Amino acid sequence: MKYLIAGTGGVGGSIAGFLSLAGKDVTCIARGAHLQSIQTNGLKLKSDLKGEHTLQIKATTAEEFKGKADVIFVCVKGYSVDSITELIKRASHEKTVVIPILNVYGTGPRIQRLVPGVTVLDGCIYIVGFVSGTGEITQMGKIFRLVYGAHKGTQVTPAILEAIQKDLQESGIKAEISLDINRDTFVKWSFISAMAVTGAYYDVPMGEVQKPGKVRDTFIGLSTESAALGRKLGVEFPEDPVSYNLKVIDKLDPDSTASMQKDLARGHESEIQGLLFDMIAAAEEQGIDIPTYRMVAEKFTKH
């Protein structure tokens, strides 16, 4: 199968690197100096799971991509989704499957509305991956888990889902086909929101969230509030969401930080809208009290 990775940042670059190492057919969409470096010198992957590699991967801009893809992983930031709809339309054939891997909730249905003729699934990922230099991706820690599946009403043959799973697993990615992707993407949103917002609010790495004290208490407060929203929306959690979030945060590399936190620190555009303000708006719409979210929001002016 031909894989197209739209967005070669920490997540997309890691997926592309792992697939390429396993001999899969991968093309990356990137731009600027990052793209030029990948085209000229290959994609450099520094991985705790795979070691260090320089990979010769096909790479191009969205505008210059000419082929068709069987699977398109959408790994751009939430605020860039609209910019790749033309690419999806152009790169898709009748059996193409699109899998968004974003931190914000509701991305699959949103992209499906933008490209009604293409089969859009939904997905989420658990990984610490980031751009560590021009043309260079670093994957930290032992967690690389990718969950994907179809929303109710989306028709896709199980054989396609299983073929993708096989390729991902052969590449060393823990791939799971979700039976309730709405639940699984909400669970991820709840976690990444609490993680990114806590880290950005206190400007600390995850090691500080792993210690007892006010930083961890803030993370617990945010997790508790988003869990209440999930329950109001009818999400059936497989286990207590606060305990789950703590279990995941405690497995992270203590030196790691969320991408939103990195972007805010550098003055770059960030996912604060989707991870903080959208959570608050959704909670207020459902009449959920969110004192911790309101407290942290005071620090960040809405852009």
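The legends below describe close-up views of a predicted model.

**Figure 1. The two domains of the protein chain.**
The domain assignment of the protein chain gives domain 1, residues 1-178, and domain 2, residues 181-297. In the contact, 22 residues come from domain 1 and 25 residues come from domain 2. The C-alpha centres of domain 1 and domain 2 are 24 Å apart.

**Figure 2. The largest pocket and its lining.**
The volume of the largest pocket is about 1,200 Å³. Its lining is made up of 50 residues, and those nearest the centre of the pocket are Gly9, Gly10, Cys75, Lys77 and Val131. By class, 27 residues of this lining are nonpolar, 14 are polar and 9 are charged. At least two lining residues are supplied by each of helix 1 (10-21), strand 9 (122-133), helix 6 (181-202) and helix 10 (259-266). Strand 9 gives the most to the lining of the largest pocket, namely 7 residues. Domain 1 and domain 2 each contribute at least three residues to the lining of this pocket.

**Figure 3. Strand 3 and its two partner strands.**
Strand 3 covers residues 43-47, and its side chains alternate between two faces. Leu43, Leu45 and Ser47 point to one face and are buried, whereas Lys44 and Lys46 point to the other face and are not buried. Such a pattern belongs to a regular strand, in which side chains alternate between the two faces of the sheet. Strand 3 runs antiparallel to strand 4 (residues 51-55), and 5 bridges join the two. The connection between strand 3 and strand 4 is a hairpin of 3 residues. Within this pairing, Leu43 has Leu55 of strand 4 as its bridge partner. Strand 3 also runs parallel to strand 10 (residues 136-149), to which it is joined by 4 bridges. There, Leu45 has Ile137 of strand 10 as its bridge partner.

**Figure 4. Helix 9 and its surroundings.**
Helix 9 spans residues 241-249, and 7 of its 9 residues are buried, so the helix is largely enclosed by the rest of the structure. The buried residues are Pro241, Val242, Tyr244, Asn245, Leu246, Val248 and Ile249. These buried residues of helix 9 pack against two strands, strand 9 and strand 10, and against helix 6, helix 7 (206-209) and helix 8 (214-232).

**Figure 5. Gln165 in helix 5.**
Gln165 is part of helix 5, which covers residues 158-170. Gln165 counts as buried because its relative accessibility is 19%, and the cut-off for a buried residue is under 20%. With neighbours within four places in sequence left aside, the contacts of Gln165 are Tyr148, Ala175, Glu176 and Ile177.

**Figure 6. The largest cavity.**
The structure holds 2 cavities of 30 Å³ or more. Empty space of this kind is revealed by rolling a probe the size of a water molecule over the atoms. The largest cavity contains about 40 Å³ of space. Its lining consists of Leu102, Asn103, Val104, Tyr105, Gly106, Thr107, Asp122, Gly123, Cys124, Thr185 and Trp189. Strand 9 and helix 6 are the elements that give two or more residues to this lining. Strand 9 gives the most to the lining of the largest cavity, with 3 residues. By class, the lining of the largest cavity has 5 nonpolar residues, 5 polar residues and 1 charged residue.

**Figure 7. The second largest cavity, between the domains.**
About 40 Å³ of space lies within the second largest cavity. The residues that line this cavity are Val128, Met140, Gly141, Lys142, Ile143, Lys251, Leu252 and Asp253. Strand 10 gives the most to the lining of the second largest cavity, with 4 residues. The lining of the second largest cavity divides into 4 nonpolar residues, 1 polar residue and 3 charged residues. Because domain 1 and domain 2 both give residues to the lining of the second largest cavity, this cavity lies between them.

Terms used. Residues numbered from 1 in each chain as written. Predicted model: local features only at pLDDT ≥ 70, side-chain atom pairs only at ≥ 80, totals over all residues. Heavy atoms only, no water. 1 Å grid on protein atoms, 1.4 Å probe; cavity = no way out; pocket = protein on both sides within 12 Å on 5 of 7 lines; lining within 4 Å. Points joined across faces, edges and corners; volume = space filled by probe spheres on them. Nonpolar A, V, L, I, M, F, W, Y, C, P; charged D, E, K, R; others polar. Domains from an automatic or database assignment. Buried < 20%, exposed > 50% of the residue type's maximum accessible area, 1.4 Å probe, protein only. Pairing = 2+ DSSP bridges. Contact = heavy atoms within 4.5 Å.
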